[in-house]
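Where inside a protein is there enclosed space, and what surrounds that space? Please look at the structure with these questions in mind, and then turn to its cysteines.

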Amino acid sequence: MRRSVIGSAKALSNRSCQNHWNVLLLRPLASSPSRFLSSTSPPPPPSSMPPVSLDNINPKVLKCEYAVRGEIVTLAQALQEELKSKPGSHPFDEILYCNIGNPQSLGQQPITFFREVLALCDHPSILDRSETQGLFSADAIERAWQILDQIPGRATGAYSHSQGIKGLRDTIAAGIEARDGFPADPNDIFLTDGASPAVHMMMQLLIRSEKDGILCPIPQYPLYSASIALHGGALVPYYLDEATGWGLEVSELKKQLADAKSKGITPRALVVINPGNPTGQVLAEDNQRGIVEFCKQEGLVLLADEVYQENVYVPEKKFDSFKKIARSIGYGENDISLVSFQSVSKGYYGECGKRGGYMEVTGFVPEIREQIYKVASVNLCSNISGQILASLVMSPPKVGDESYESYSAEKDGILSSLARRAKTLEDAFNNLEGVTCNKAEGAMYLFPCICLPEKAIKAAEAAKTAPDNFYCRRLLNATGIVFVPGSGFGQLPGTWHFRCTILPQEDKIPAVASRLTEFHKSFMDEFRD
């Protein structure tokens with residue numbers, strides 16, 4: 001009983017003390033303005049504004065644009081859904097995507113040898129089964145064993161070295177050496193998820209502020225303008241000469257370099273896309289030599305986008321890497337900083353979804369190499385399937401291998417078909433009123449110039465859109481064909497273009513040409529001045 005009374009007394013005393021302190025804490029200070037307010041005032045209402053809006057996100061993201069998957073493609077996807085839910089609701093029965101270099105989405109088949117090796121590497125337990133010998137070629141089985149022996153634990157689901165698996169980099173370096181005739185170091189190879197992350201890595205390295213400039217071709221692949229914007233740099237445009245087949249003139253480079261410097265911009269690097277995207281030209285050797293000399297003289301890093309190196313369609317042109325050109329001049333590691341980009345997404349392989357690629361980094365001092373490695377390490381590593389594919393692309397079956405004949409037939413069939421498709425579309429464009437189209441020497445695209453009637457330009461202004469976007473939108477709604485407006489790639493002011501891939505399967509190309517021809521005639525008649 002005594003314990004209960006004492007406990008009750010203590011509890012009462014504690015509550016009394018606590019109430020006393022609560023009163024003191026709630027009582028406003030004499031000097032505080034809140035003394036004029038009631039202590040029972042309701043709390044302010046929560047803000048109705050979302051925590052993230054267009055007004056408070058990173059402005060560099062707002063500035064970034066990527067036309068290849070922009071407004072026209074979004075509209076095309078909506079139309080595709082309508083065709084599924086309401087067949088016959090449009091004057092066409094399918095969407096023909098000619099907007100992006102995504103070959104397998106349009107029916108191109110993967111290279112059998114590459115896929116056999118990938119399958120065996122991802123499921124190595126079947127390598128020891130007797131039935132595997134009848135399902136897979138002997139050289140695919142042998143290559144899979146070689147690759148698995150280079151992977152710790154033979155685990156394709158594990159992280160690798162941040163530059164990529166060393167044995168695969170050895171294979172790629174050997175492939176580069178065989179291609180160029182000059183030594184390649186596997187330690188210069190950084191395997192990446194396609195070429196795009198490699199481009200971003202170099203922009204992160206080179207761009208310090210909006211006063212750092214990157215010389216880019218116009219027209220250009222929007223990856224470059226987008227990555228420069230995201231990393232806060234300045235795009236310094238140099239214009240390709242459409243009249244000379246999209247030629248790259250060193251005099252134009254010098255002019256734009258001087259103009260940038262006069263504006264207080266420090267040029268850091270020169271981007272060259274060879275073969276060209278979206279323009280399809282293949283640079284001549286003497287032109288490449290002039291570009292290398294220019295970069296050396298001006299102290300610029302040469303960023304060589306060479307992802308279309310297998311896509312050359314004219315006998316009078318051939319692909320030479322910029323590294324080969326630099327070494328043939330006599331320039332070594334201490335003379336020029338050069339980064340070459342390659343991808344498994346293009347060429348004859350078209351393995352876009354596997355996300356494989358690499359950059360070869362030469363001419364950088366060890367301290368900078370360490371920084372590049374650090375940036376690569378932040379992403380841990382690129383995916384292993386992409387790494388394996390990159391090694392296969394640079395070391396395909398050779399004469400005498402079991403898969404060589406089937407591999408060669410698949411490769412040659414794809415490339416010869418692409419050449420025919422390019423020629424068919426080139427002729428179709430050049431037969432349209434007011435349209436001119438340069439020859440597609442390489443890559444996967446045509447970039448025709450269209451002379452639009454003044455009425456069409458005014459109609460586009462009224463619709464608050466660019467004239468080439470207006471044309472492409474009308475084309476899509478009438479035919480289901482998806483082109484990308486030239487304004488998304490940059491173009492000489494006062495000119496209008498669109499980019500068309502040559503990737504729809506060959507039996508679809510006549511439909512593209514006929515639908516386009518019919519639409520264009522109707523469009524020009526409607527807006528004729």
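The paragraphs below go through the cavities and then the cysteines of this predicted model.

When the whole structure is searched for cavities of 30 Å³ or more, two are found. The largest cavity, with a volume of about 60 Å³, has a lining that includes Pro217, Pro219, Tyr238, Leu240 and Leu248, and to these are added Val272, Ile273, Asn277, Thr279, Gln281 and Leu283. Sorted by class, this lining of the largest cavity holds eight nonpolar and three polar residues, while no charged residues take part in it.

The second largest cavity encloses about 40 Å³ of space, and the residues that line it are Ile176, Arg179, Glu306, Gln309, Ser340, Phe341, Gln342, Tyr358 and Glu360. Two or more residues of this lining are given by each of the elements α7 (166-180), β7 (338-343) and β8 (357-362), and β7 supplies the largest share, namely three residues. In the lining of the second largest cavity the classes are present as three nonpolar, three polar and three charged residues.

Turning to the cysteines, a search of the whole structure finds zero disulfides. Cys500, for example, is in no disulfide, and the nearest cysteine sulfur, which belongs to Cys98, lies 4.4 Å away, whereas a disulfide would need the two sulfur atoms to be within 2.5 Å. Cys500 has a relative accessible area of 0% and is therefore buried, and Cys216, with a relative accessible area of 0%, is buried as well.

How values were computed: Residues are numbered from 1 along each chain as its sequence is written. This is a predicted model: local features need pLDDT of at least 70, side-chain atom pairs count only at pLDDT 80 or more; totals for chains, interfaces and linings use all residues. Side-chain values use heavy atoms; hydrogens and water are left out. On a 1 Å grid over the protein atoms alone, a cavity is a set of points where a 1.4 Å probe fits but cannot get out, and a pocket is an open set with protein on both sides within 12 Å along at least five of seven lines; lining residues have an atom within 4 Å of a point. Grid points are joined across faces, edges and corners, and a volume is the space filled by probe spheres set on the points. Ala, Val, Leu, Ile, Met, Phe, Trp, Tyr, Cys and Pro count as nonpolar, Asp, Glu, Lys and Arg as charged, and the others, Gly among them, as polar. Helices (H or I, at least four residues) and strands (E, at least two) are DSSP runs, numbered from the N terminus. Buried means under 20% relative accessible area, exposed over 50%, partly exposed in between (1.4 Å probe, protein chains only).
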